[in-house]
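Reader: Please give me a close look at a single part of this model. I want its pairings, its contacts and its surroundings in one connected account.

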Amino acid sequence: MGQLAPRVCTDEAEIQRLLGLITRLPAHGRVVLHMGDGTRHEGVVKVRTSAQMFRDPQRREGTNAVVSLERAGSPGQVDRIWLDQVARVDYVGPAVAAEN
């Protein structure tokens, strides 16, 4: 394992919440992530997100996931967002190539 995360989920209900969010994050899907702090991120999911085991700063083992999201309107600019901080995912639809 060996991967570190700022936070991990150890409660079964919270892990199930993460897994539910993951189902709304298909590869190449356009989404809006509503964060727990009220901010939002919009973009295209670069790769399918998966739950993984991490250790937090206190060395507790638990679950989290990282979403790689290419920013809307900024091709090539990718944010890595910890899924435990996401309150809600709105799936907008598949990413579409720019029209010429």
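Author: Two strands pair if DSSP finds at least two bridges between them. Strands are DSSP runs of E with at least two residues, helices runs of H or I with at least four, and both are numbered from the N terminus. This is a predicted model, in which local features need pLDDT of at least 70 and side-chain atom pairs pLDDT 80 or more, while totals for chains, interfaces and linings use all residues. Residues count from 1 along each chain as its sequence is written, and side-chain values rest on heavy atoms, without hydrogens or water.

The part to look at is strand 5, residues 66-71, with L69 in it. Start with the sheet. Five strands build an open sheet, ordered 6-5-2-1-7, with antiparallel pairing. Strand 6 and strand 7 are its edges, each pairing on one side only. In that order, strand 5 stands between strand 6 and strand 2.

Take the strand 6 side. Here strand 5 pairs in the antiparallel sense over five bridges. Two of the positions can be named. E70 faces V78 of strand 6. V66 has W82 of strand 6 as its bridge partner. The two strands form a hairpin, with six residues between them. In that turn, G73 has a positive phi of about 80°.

Now the strand 2 side. Strand 2 covers residues 40-45 and pairs with strand 5 over three bridges, again in the antiparallel sense. In this pairing, R71 of strand 5 stands opposite G43.

Strand 5 is mostly covered. Five of its six residues are buried (under 20% relative accessible area, with exposed over 50% and partly exposed in between, for a 1.4 Å probe and protein chains only). L69 has 2% relative accessibility, so it counts as buried.

L69 has a long contact list (heavy atoms within 4.5 Å), with neighbours within four places in sequence left aside. On it are V31 and L33. H41, E42, G43, V44 and V45 follow. Q77, V78, D79 and I81 complete the list. A27 is 42 residues from L69 along the chain, and the two C-alpha atoms are separated by 9.8 Å.

L33 returns the contact with L69. L33 also touches V67, and its other partners include L25, T39, R40 and H41. I81, V86, R88 and V89 are in contact with L33 as well.

These contacts lead to the core. A nonpolar core is a set of buried Ala, Val, Leu, Ile, Met, Phe, Trp, Tyr and Cys residues joined through side-chain atoms within 4.5 Å. The largest one has 17 residues. L69 is among the members that touch the most others, together with L25, V31, L33, L83, V86 and V89. Strand 5 gives two or more residues to this core, as do helix 1, strand 1 (29-35) and strand 7. Helix 1 supplies the largest share, four residues.

There is also a second, separate core of five residues. V66 of strand 5 belongs to it, and V8, F54 and W82 are further members. W82 is the bridge partner of V66 in strand 6. Both F54 and W82 are buried.

Charges come next. R71 of strand 5 makes a salt bridge with D79 (a side-chain nitrogen of Lys or Arg within 4 Å of a carboxyl oxygen of Asp or Glu), at 2.8 Å from N to O. R71 is partly exposed, with a relative accessible area of 36%. D79 is buried at 17%. D79 is also one of the contacts of L69.

The R71 pair has company. The whole structure holds eight salt bridges. In another, D84 meets R7, with the closest N and O atoms 2.6 Å apart. That pair links distant parts of the chain, 77 residues apart. D84 sits in the loop between strand 6 (78-82) and strand 7 (86-94), and R7 in the segment before helix 1 (12-22). D84 is buried, at 13% relative accessible area. R7 is partly exposed, at 30%.

A further salt bridge joins R17 and E14, closest N and O atoms 3.1 Å apart. The two are three residues apart in helix 1, which means a separation of about one helical turn. Both ends count as partly exposed: R17 at 27% relative accessibility, E14 at 25%.

Back to strand 5. Strand 6 pairs with it over five bridges, and strand 2 over three. L69 is buried and belongs to the largest core. V66 belongs to the second. R71 pairs with D79 in a salt bridge.
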